[in-house]
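These are my notes on the structure you sent, set out as numbered points. Please read them beside the sequence and the coordinates.

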Amino acid sequence: METTSRAVEQAPAAEGGPQVPSARLRTVDGYLEAPFPWYGLDEAFTGPRWLMQVGTAADGAVEHGSIGHGDEPSVRHETAGEDRGKFAVVVTVAANPVRRSPDGTGLLEATSVSSAAWLAGVGLLSFTWPGQMDHSLRDDWLDQQTETAWVLADDLAGPDWSTLSLPVDGAPTPFHYRESEFGWVLAGSTGAGVHLGAYGRGMSAYGLGFSVVKDIAEYAG
């Protein structure tokens, strides 16, 4: 999976903000092209839900995507101590094995729980960088924090992670979980052929549950 390497494809940031993982398809059409089910928070969450972005592999196949819940986060014009809202984002990652690239010249990496943890960690960073930081320092800060997110995702058995059991389609499911000054990140697997990552701020992860999105088109409103 391309997005599990440090050579993550980047998209330009908005209004001088940090770069975030590339999103080639932002409409519901991209979600509808996925050959796997999408996950979001279960029916216990009654707040706003909104589509974010999907990512594709080198062969153009949709590999992962994110769905937001709560207040849409923003990094624009923030100051120290400002309330940035309460949100949780669920990242669905197709559970793909190692496979050949479309041109037959190489291999595409397998996806794993670490893939979901990496995407969730970088996703959290994209909305939590210090708004009061000098522009000349932001790129260095983001590079350092992104490297840290990669290292943490690659060591889910390490001391920075704890285990949290949350319901997935009603069944208790173990997740790797960690907190930081920026928010929380978790990652695990489902029995539906996908890995799940999630990140948030202002909403406790301990009361969350996940379920298959029955009609992704409803999120496009």
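1. Ser126 is buried, since its relative accessible area of 7% falls under the 20% limit. In this predicted model, Ser126 belongs to helix α2, which covers residues 113–128, and a polar atom of the Ser126 side chain lies 2.6 Å from the backbone oxygen of Gly123.

2. The confidence values should be kept in view from here on: the mean pLDDT of the protein is 79, and 72% of its residues reach 70 or more. Over residues 1–26, however, the pLDDT is below 50, although this stretch has 71 contacts in the model beyond near neighbours in sequence. A second stretch, residues 76–82, also stays under 50 in pLDDT, and the model gives it nine contacts beyond four places in sequence. Where pLDDT is low, the predicted coordinates should not be read in detail, so I would treat the contacts of residues 1–26 and of residues 76–82 with that caution.

3. Turning to the interior, the largest nonpolar core has 59 residues, and those with the most contacts inside it are Trp38, Leu186, Tyr199, Phe210 and Ile216. Helix α2 supplies the largest share of this core, namely 10 residues. For Leu186, once its neighbours within four places in sequence are left aside, the contacts include Ala120, Leu164, Leu166, Phe175, Tyr177, Leu196, Ala205 and Phe210.

4. How many aromatic pairs does the model hold? The count comes to six. In one of them, the rings of Phe87 and Tyr199 have their centres 6.3 Å apart and their planes at 80 degrees, so the pair is edge-to-face, given that angles over 60 degrees are classed in this way. The two partners come from distant parts of the chain, with Phe87 in strand β6 (residues 87–94) and Tyr199 in strand β12 (residues 194–201), 112 residues apart. Phe87 counts as buried at 0% relative accessibility, and Tyr199 likewise counts as buried at 3%.

5. Trp118 and Trp150 form an edge-to-face aromatic pair as well, at 5.7 Å centre to centre and with 85 degrees between the planes. This pair also links distant parts of the chain, since Trp118 is in helix α2 and Trp150 in helix α3 (residues 135–153), 32 residues apart; Trp118 and Trp150 are both buried. Elsewhere, ring pairs link Tyr31, Phe36 and Trp38 into a cluster, and Trp38 has already been listed among the core residues with the most contacts.

6. Is strand β4 enclosed or open to its surroundings? Seven of the eight residues of β4 (residues 49–56) are buried, so the strand is largely enclosed by the rest of the structure. β4 pairs with strand β5 (residues 62–70) in the antiparallel sense over seven bridges, and within this pairing Val54 stands opposite Gly65 in β5. The two strands form a hairpin with five residues between them, where Gly60 in the turn has a positive phi of about 90 degrees.

7. A last backbone detail concerns Asp169, whose phi is near 55 degrees, a positive value in a residue other than glycine. Asp169 is found in the loop between β9 (162–168) and β10 (171–180). With a relative accessible area of 43%, Asp169 is partly exposed, because this value lies between the limits of 20% and 50%.

Conventions. Residues numbered from 1 in each chain as written. Heavy atoms only, no water. Helix = DSSP H or I, 4+ residues; strand = E, 2+ residues; numbered from the N terminus. Buried < 20%, exposed > 50% of the residue type's maximum accessible area, 1.4 Å probe, protein only. pLDDT = per-residue confidence, 0-100. Contact = heavy atoms within 4.5 Å. Polar contact = N/O pair within 3.5 Å; in protein donor to acceptor, adjacent residues only side chain to side chain. Core = buried A, V, L, I, M, F, W, Y, C linked by side-chain atoms within 4.5 Å. Pairing = 2+ DSSP bridges. Phe/Tyr/Trp six-rings, centres within 6.5 Å; stacked < 30°, edge-to-face > 60°.
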